[in-house]
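Hi,

Here is the structure we talked about. Have a look at it first, and my notes follow below.

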Amino acid sequence: MAMQEMEQALKPSSLNEIKNEQKLPKKLGDLLLEKGVITPEQLKIALEIQKSTHKLLGEILLDLGFVDQTTVSSVLSDNLGIQYLDSLEDVVPDPQALSLVPQEIAAAHKVVPLRLEDNILTVVVSDPFDIVAVDTLRRLTGKSITTVVAPEGEIAKAIDLWYAETEGFDALVKKATELVGTAELGVEEPPIIKLVNYIIVNGIKKRATDIHIEPEKNTVIIRYRIDGILHVWKLLPKKLCKSIVSRVKIMSSLDISETRIPQDGRISFFFAGRHIDLRVSTYPTAEGENVVLRILDKSKLITKIEMLGYSKHQLEVFRRLLRKNYGMILVTGPTGCGKTTTLYAALLEINSTRLNIMTVEDPIEYELPFIRQSQINPKAGFTFAKGLRAILRQDPDVIMVGEIRDMETLEIATHAALTGHLVFSTLHTNNAVAAVTRLIYMGAGKHIIASALAGVIAQRLARVICPYCKEAYTPSEHEKKWFIKYLPSEAVPSEIVLYKGKGCERCNNTGFLGRTAISEIFEVTPEIYEAIVKGADETDIKRLLSQQGFVSMFQDGLYKVLAGVTTLEEILRVV
């Protein structure tokens, strides 16, 4: 039966009958306000947008980034007293239940069958008020319908997985290899398309941040960067290399005929009910073109600073900095330590219709609501310095500069910070205090730095112990010495117990699942101001900070080891 005909046949005949079965709901906006999930101002913004777009309020709040799907689903299910599942990853569906509902119906109504018992079909829904979906399933299956609630993204992912084709990766590789014949053929053929999609989707499923397609003499290596570490996933026949690379180039609108110079592009990929951006970089090597795809999944974006992994004291200092009306806040650390994520979370923390927030970035990783974002274009002469100078003519309240790379950008940034603007930016330094030395070395005067700088955050990312295979152990005397030497005596328990992950299927047998920030933060107090003006070196400033309760990045890491968040080996690796 065609999709249109099937839906026509399944239209509900009596919505009143179903409405009577539902508990009278409160309005979603009121529920989210009661729970403290959104502010009155955010609700007002969403309602104004709803007047002109006529979209559902929940969709608008999600689009604006004010809430996430998990929170909305949880609040709705709690209000109705319906079971809520925050994840379907470990749920095994009843094959008989799946067979009752075609995949196209499940996808169209954003539902997925879960189990069939005593003529009652239990389905997972994201919107417990979707009476049309419930009535459609009742008429299609002839069963009574009960519902449980889960996030829409989890449902979309379950549909992809539970209804997935049984064709395995090895079969795809075999078909693609037979098809290619020569390295130039098969780019637009289904086996190559499916193979490249499989590589991308599998990377997303495994929580990879980057996918590496690396040509060697006799093979192509596929590697995933998961929690900051590269892992080899598959070795493919070398004859597939050009076809795979060409397919990626087509997806990212790059020139497939140009193989001698690096190229950069972008792919918008739809998976599990959400759009995922892939930043593509190709690089010519002796064995062929190397490709790296950076996965930018907005659903994974940290939108609240309390989700970054900072300690209570660090959050207090951070929020104090964010309440300032002017000054420069710097986030420092090496590439890949989460600086941009921290800056985005900070901007979303203070985001308001009362503020004009503008950014100049390289590149824009995620688009943020109510924030004017711009990407530099050096080929066109649009640099950080030129962008920042132009922003100052746009009446900004808050400015984010992707990175302070030269004296010109530094001069404009400090000027902006001194003339009533809150400025965010990044530097590459090993610790927070070193940022002061770096700025002076770049040519800024001590008085200017002391006056413009509000505070500095330095951070690294450490892997988190997998909660599913986490186990305690008694540390050796050598391991205990780290805590005794670097932490205050009152912070070290008499009996130290540490934790590690033994490895399981959920964490790919690494013992780690996810990452958290290991950080240090300081605010430029009057004492620090005087020290900078007088030309104090890093050691003197650190000594002064320690008297004010400053916790170094290494100490912060050790505290997280004692708390069972990560391991000592991981802290010694990253800090």
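By about how much of the helix are R573 and E570 separated in α24? About one helical turn, because the two residues sit three apart in that helix, which covers residues 568–574. Keep in mind that this is a predicted model.

That pair is a good place to start. The side chains of R573 and E570 form a salt bridge, with N to O at 2.6 Å. The two partners differ in how much they show: E570 is buried, at 2% relative accessibility, whereas R573 is partly exposed, at 43% relative accessible area.

On to the other salt bridges. The whole structure has 26 of them, and I picked out a few to look at.

E258 and R260 meet through their side chains, again in a salt bridge, this one 3.1 Å from N to O. Here too one partner is tucked away: E258 has a relative accessible area of 16%, so it counts as buried. R260, on the other hand, is exposed, with 67% relative accessibility.

E349 and R319 make another salt bridge, and their closest N and O atoms are 3.0 Å apart. This one ties together distant parts of the chain, since the residues are 30 apart: E349 belongs to helix α15 (residues 339–350) and R319 to helix α14 (residues 312–322). Both ends are partly exposed, E349 with a relative accessible area of 30% and R319 with 29%.

There is also a small network: salt bridges link D135, R138 and R139.

Now for some helix packing. Take helix α16 (residues 384–391) and helix α17 (residues 407–418): their axes come within 8 Å and cross at roughly 20 degrees. Angles under 35 degrees count as roughly parallel, and that is therefore how α16 and α17 run relative to each other. The crossing of α16 past α17 is left-handed. On the α16 side, the contact is made by F384, A385, L388 and R389, and on the α17 side by E408, T409, I412 and A413. By character, the residues of this contact are five nonpolar, one polar and two charged.

If you open the model, I'd go to R573 and E570 in helix α24, then to the contact between α16 and α17. Let me know what you make of it.

Cheers

Technical notes. Residues numbered from 1 in each chain as written. Predicted model: local features only at pLDDT ≥ 70, side-chain atom pairs only at ≥ 80, totals over all residues. Heavy atoms only, no water. Axes fitted to C-alpha atoms, helices over the stretch in contact; angles between N-to-C directions. Helix = DSSP H or I, 4+ residues; strand = E, 2+ residues; numbered from the N terminus. Parallel < 35°, antiparallel > 145°, perpendicular 65-115°, else oblique. Left-handed = near helix turned anticlockwise from the far one by under 90°. Contact = heavy atoms within 4.5 Å. Nonpolar A, V, L, I, M, F, W, Y, C, P; charged D, E, K, R; others polar. Salt bridge = Lys/Arg side-chain N within 4 Å of Asp/Glu carboxyl O. Buried < 20%, exposed > 50% of the residue type's maximum accessible area, 1.4 Å probe, protein only.
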